[in-house]
Amino acid sequence: MSGRAQGSRGPQTLAVDLHVHTDASYDCEMSVEAVLARAAAVGLDAVAITDHDSVGSLPRAFDIAHEYGVRVVPGVEVSTADGHLLALGVDDPPATRRPLSETAREVREAGGLAVVPHPFQTFRHGASRRTIRDVDAIEAIEAYNAHTLTGFRNGQARRYARRQGLPGTGGSDAHRPTLVGQAYTAVSVEADGGVTTDAILEGIRAGRTVARGTRTTARQYLRKYALNARLKTASFL
């Protein structure tokens, strides 16, 4: 990992986990405090809170981020009619179950960044290749998602992003503290006015990114889906 950015002037390369959940997501019990503590411990400069169809954790994250020395990038993982979409740099969650193209366009018009997470993994609500290809407002592809047993789909995503001339990002998709930062984006930013969310998003748009990380173990992978099943069952009780 690149470690903490030093100073606030000139170009910097930041380590940013662009895909992290908290207990505002239906399938996660991790607190904001646990996210930020782990992010600080592994040397992340920033973390994007991207809960499922919710920004409920953002006010708390903004309030306490300075205590950990980690910047919080606002975001949400939107459930569209065609798969999930990471909307980065937005404070309000777009409406759900609309076409991916419509949602991505709204995010972009609001000044946010539309990123397709875990593409082609339809069993995980990833958008299909055909759908992504037809959406002009998509600005980046998650080329490395840590939550996978093999590197096959990440390889597909990386090659697709390269062929389409789209920036590739990395994100842990963490639902547990130990996974925060397991994948991340090294992004070069112009920070003459200080490191800001806008500077991070602009660095991604400009393609100054490298997706890095390691895959989850089989045990970590299975624990995530066991947690999903338990929380889903509890919601019906």
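These legends walk through close-up views of one predicted model. Residues are numbered from 1 along each chain as its sequence is written, and side-chain values use heavy atoms, with hydrogens and water left out. Because the model is predicted, local features need pLDDT of at least 70 and side-chain atom pairs count only at pLDDT 80 or more, while totals for chains, interfaces and linings use all residues.

**View 1. The whole chain, for orientation.** The protein chain has seven helices and nine strands; these are DSSP runs numbered from the N terminus, with helices being H or I of at least four residues and strands E of at least two. Of its 237 residues, 53% are buried, where buried means under 20% relative accessible area, exposed over 50% and partly exposed in between (1.4 Å probe, protein chains only). Take the contacts between residues at least 6 apart in sequence: 71% of them join residues at least 24 apart. Contact here means heavy atoms within 4.5 Å.

**View 2. The nine-stranded sheet.** The sheet is open, its strands run in the order 7-6-5-4-3-2-1-8-9, and the pairing is mixed. Two strands pair if DSSP finds at least two bridges between them. At the edges sit strand 7 (168-171) and strand 9 (209-213), each pairing on one side only. From one strand to the next, the twist averages 35°. Strand 1 and strand 2 are parallel partners over three bridges, with Val-16 opposite Ala-46 in strand 2.

**View 3. Helices on the sheet.** Helix 3 (residues 100-109) lies across strand 3, strand 4 (83-88) and strand 5 (113-116), at about 5° to strand 4. Helix 6 (residues 197-205) also packs on the sheet, touching strands that include strand 1, strand 5 and strand 9, and its direction makes about 100° with that of strand 8 (183-190). For these angles, axes are lines fitted to C-alpha atoms, for helices over the stretch in contact, and values run from 0 to 180 degrees between N-to-C directions.

**View 4. The buried side of helix 1.** In helix 1 (residues 32-41), the buried residues are Val-32, Val-35, Leu-36 and Ala-39. They span an arc of only 90° around the axis, so they end up on the same side of helix 1; the arc is taken from the directions from the helix axis to the C-beta atoms. An α-helix has 3.6 residues a turn, so residues three or four places apart point the same way. What do the buried residues of helix 1 pack against? Their partners are strand 1 (11-20), strand 2 (46-49), helix 2 (58-68) and strand 3 (71-80). Just after helix 1 comes Gly-43, with a positive phi near 85°.

**View 5. Two nonpolar cores.** A nonpolar core is a set of buried Ala, Val, Leu, Ile, Met, Phe, Trp, Tyr and Cys residues joined through side-chain atoms within 4.5 Å. The largest one holds 43 residues, and Leu-36, Leu-85, Ile-138 and Ile-141 touch the most other members. Leaving aside neighbours within four places in sequence, Ile-141 has contacts that include Val-115, Ile-132, Tyr-160 and Leu-166. A second, separate core of 18 residues includes Leu-14, Val-16, Leu-113 and Leu-201.

**View 6. The one aromatic pair.** There is one aromatic pair in the structure. Phe-120 and Tyr-160 meet edge-to-face, 5.6 Å centre to centre with 80° between the planes. Rings of Phe, Tyr and Trp (its six-membered ring) pair if their centres lie within 6.5 Å; planes under 30 degrees apart count as stacked, over 60 as edge-to-face and the rest as tilted. Phe-120 belongs to the loop between strand 5 and helix 4 (129-133), Tyr-160 to helix 5 (residues 152-164), and they are 40 residues apart. Both Phe-120 and Tyr-160 are buried.

**View 7. Two histidines in a loop.** His-118 lies in the loop between strand 5 and helix 4, and so does His-125. Neither is a glycine, yet phi is positive, about 30° for His-118 and about 65° for His-125. Which of the terms buried or partly exposed fits His-118? His-118 is buried at 3% relative accessible area, whereas His-125 is partly exposed at 44%.

**View 8. Strand 7, covered on both faces.** Gly-168 and Gly-170 on one side of strand 7, and Thr-169 and Gly-171 on the other, are all buried. Strand 6 runs parallel to strand 7, joined by four bridges, and Tyr-144 stands opposite Gly-170.
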